[in-house]
Amino acid sequence: MTKRNVLILGGYGTFGRHVAEDIAATSEAQVTIAGRNPGKGKPFAETLGVGFRQCDANDSASLRKAVEDAWLVINASGPFKATDYSIPQTCIDAGCHYIDMADGRDYVVNIVQLDEAASNQRVFVCAGASTTPAITSALVAELQPQLGRIRSIQIALNAGNRNQAGVSTIATILSYVGCPVRVWQDGRWRTMRGWSAGEFVEFPPPVGRRRVQLCDVPDLEVFPQHFEVDDVIFKAGVELTILNYAIAAMARLKQICPPLNLPSFARPLVCMSKLFKPFGTLHGGCAVWATDLDGRQKSVALVAHENGPRIPGSPAILLARKLLSGEISNTGAYPCIGFLRLADFAEFLAPFNIFVAHGKNGVWTS
Ligand SMILES: NC(=O)c1ccc[n+]([C@@H]2O[C@H](COP(=O)([O-])OP(=O)(O)OC[C@H]3O[C@@H](n4cnc5c(N)ncnc54)[C@H](OP(=O)(O)O)[C@@H]3O)[C@@H](O)[C@H]2O)c1
């Protein structure tokens, strides 16, 4: 069988490395990983027995050269800027399929503006192949048949402190903390602040009670219409409560001084967070609580006993596998909703000690 060239941008980052490891092991793909720093990227590529290409995705000539012979590009770099589609557009122009792990709300929602160009080139473009909205939408879809008409959706995510935090992920979070965030509540849009509305929620064991606060993610924009509901809220947090309060303090600073460029603090923050690594656990999870018109509530979660960082990479891996096998043959541009089911994730993640838990009326039952 002829192998297809798969280029993984950021294939040695916190989450991209898991994508690279998996796709490099599939028989249908010839993987190359790419990024700006050969000192980091090359040694990792060698451990996988794959190629490395130096590429700055923000430099159009460098990007064009990197993707020229690719059949599929998986973008695990970031952060993803709201209105900048230069990376998927370059892939469309080069005639290759494109999947990314974006969590930028506007970026993921508006990827459909590339639909016509992608269809004309007969390529598949998919944004948000990561926890939000790929996994969160699969969790809600799991509850829908059990509840019928859902009125409200609450989503919460919390990572174990001993897992490594990625600079790009932290930069994305810092891009909205303290900033206005539109939230669909009681059937109308309300404005709240990023990282506000902090509360403790109960995740299934072994994760337990964790603090979460409001995040600006694609789900807030897409789910109200997609699932026809009156309320959608998405909150996330880290395991150590003190670090959640530290980010809340940064949100306050941003409110007092709006020009403050918080994402520029992402790298020092990640370095500082390493001092706290001896504390906490590897346990993390992503949970959804859905309530129907009669107030009945069902919940479902993906719970990581360890290996939590395998979760965000799994949608890009599963989507790439389906594309390589021909199971997905769509062309056009889409947010990553409806292509993968919870059963796909459960099967893929179980060997990593990550399982599905169910609950009812606020109590986790399995
Ligand atoms: N949708 C979701 O639910 C979800 C969940 C988790 C993460 N994410 C997103 O996934 C992305 C990756 O997160 P992460 O924590 O794994 O990031 P990370 O650890 O910082 O890794 C980013 C990788 O991309 C490379 N990179 C960064 N800028 C680049 C550029 N201009 N050109 C080429 N390569 C570049 C980096 O290498 P060099 O610095 O050497 O170039 C690194 O290998 C982020 O955008 C994050 O927001 C989404």
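Two strands pair if DSSP finds at least two bridges between them. Keep that rule in mind for the tour below, which follows a predicted model.

Strand 6 is a good place to begin. This strand covers residues 124-127. Four bridges join strand 6 to strand 15, residues 332-335. The two strands run parallel. One bridge can be followed by residue: cysteine 126 in strand 6 has tyrosine 334 in strand 15 as its partner. Strand 6 also pairs with strand 5, residues 97-100. Here two bridges do the joining, and the strands again run parallel. Tyrosine 98 is bridged to valine 125 of strand 6.

Now look at the side chains of strand 6. Which way do they point? Phe124 and Cys126 point one way, while Val125 and Ala127 point the other way. All of these residues are buried.

Step back to the whole chain. The domain assignment gives two domains. Domain 1 takes in residues 4-130 + 310-340. Domain 2 takes in residues 132-308 + 345-364. Their C-alpha centres lie 24 Å apart. How many residues are in contact across the two domains? On the domain 1 side there are 23, and they meet 31 residues of domain 2. Helix 5 (105-109) and helix 12 (310-325) are the elements that give two or more residues to the domain 1 side. Helix 12 supplies the largest share, five residues. By type, the domain 1 side divides into twelve nonpolar, eight polar and three charged residues.

The ligand comes next. There are 33 residues around the ligand. Which of them come nearest? They are Gly10, Gly13, Asn37, Gly78 and Gly166. Two helices give two or more residues to this shell: helix 7 (131-147) and helix 8 (167-174). Helix 8 provides the largest share, four residues. The shell divides into twelve nonpolar, 17 polar and four charged residues. Both domains take part, since the shell draws at least three residues from each of domain 1 and domain 2.

Helix 7 has another feature to find. Proline 133 lies in this helix. The peptide bond that leads to proline 133 from threonine 132 is cis, with omega near 0 degrees. A second cis bond runs from proline 205 to proline 206, with omega near 5 degrees. Proline 206 is found in the loop between strand 10 and strand 11 (209-214). Most peptide bonds are trans.

Strands 10 and 11 lead into an open sheet. Eight strands form this sheet, in the order 10-11-12-7-13-14-16-17. The pairing is mixed. Which strands are at the edges? Strand 10 (199-202) and strand 17 (363-364) are, and each pairs on one side only. Further along the order, strand 13 (residues 284-292) is joined to strand 14 (residues 297-304) by eight bridges. These two strands run antiparallel. Alanine 287 has alanine 301 of strand 14 as its bridge partner. A helix also meets this sheet. Helix 9 (residues 218-226) lies across strand 7 (150-159) and strand 12 (231-238). Its angle to strand 12 is about 155 degrees.

A hairpin is the next stop. Strand 8 and strand 9 form this hairpin, with two residues between them. The strands pair in the antiparallel sense over six bridges. Glutamine 185 is bridged to arginine 188 in strand 9.

The turn holds a backbone feature worth checking. Most residues other than glycine have a negative phi. Aspartate 186 is not a glycine, yet has a positive phi of about 50 degrees. This aspartate 186 sits in the loop between strand 8 (180-185) and strand 9 (188-193). Is aspartate 186 buried or exposed? Aspartate 186 counts as exposed because it has 9 C-beta neighbours inside 10 Å, and the limit for exposed is 12 or fewer.

Tryptophan 195 makes a useful second case. Its phi is also positive, about 70 degrees, although tryptophan 195 is not a glycine. The residue lies in the loop between strand 9 and strand 10. Why does tryptophan 195 count as buried? Because it has 29 C-beta neighbours inside 10 Å, and a residue is buried at 20 or more.

Notes:
Residues are numbered from 1 along each chain as its sequence is written. This is a predicted model: local features need pLDDT of at least 70, side-chain atom pairs count only at pLDDT 80 or more; totals for chains, interfaces and linings use all residues. A residue is near a molecule or strand if its C-beta atom, placed from the backbone, lies within 6 Å of it. Ala, Val, Leu, Ile, Met, Phe, Trp, Tyr, Cys and Pro count as nonpolar, Asp, Glu, Lys and Arg as charged, and the others, Gly among them, as polar. Domain bounds come from an automatic or database domain assignment. Two residues are in contact if their C-beta atoms, placed from the backbone, lie within 7 Å. Axes are lines fitted to C-alpha atoms, for helices over the stretch in contact, and angles run from 0 to 180 degrees between N-to-C directions.
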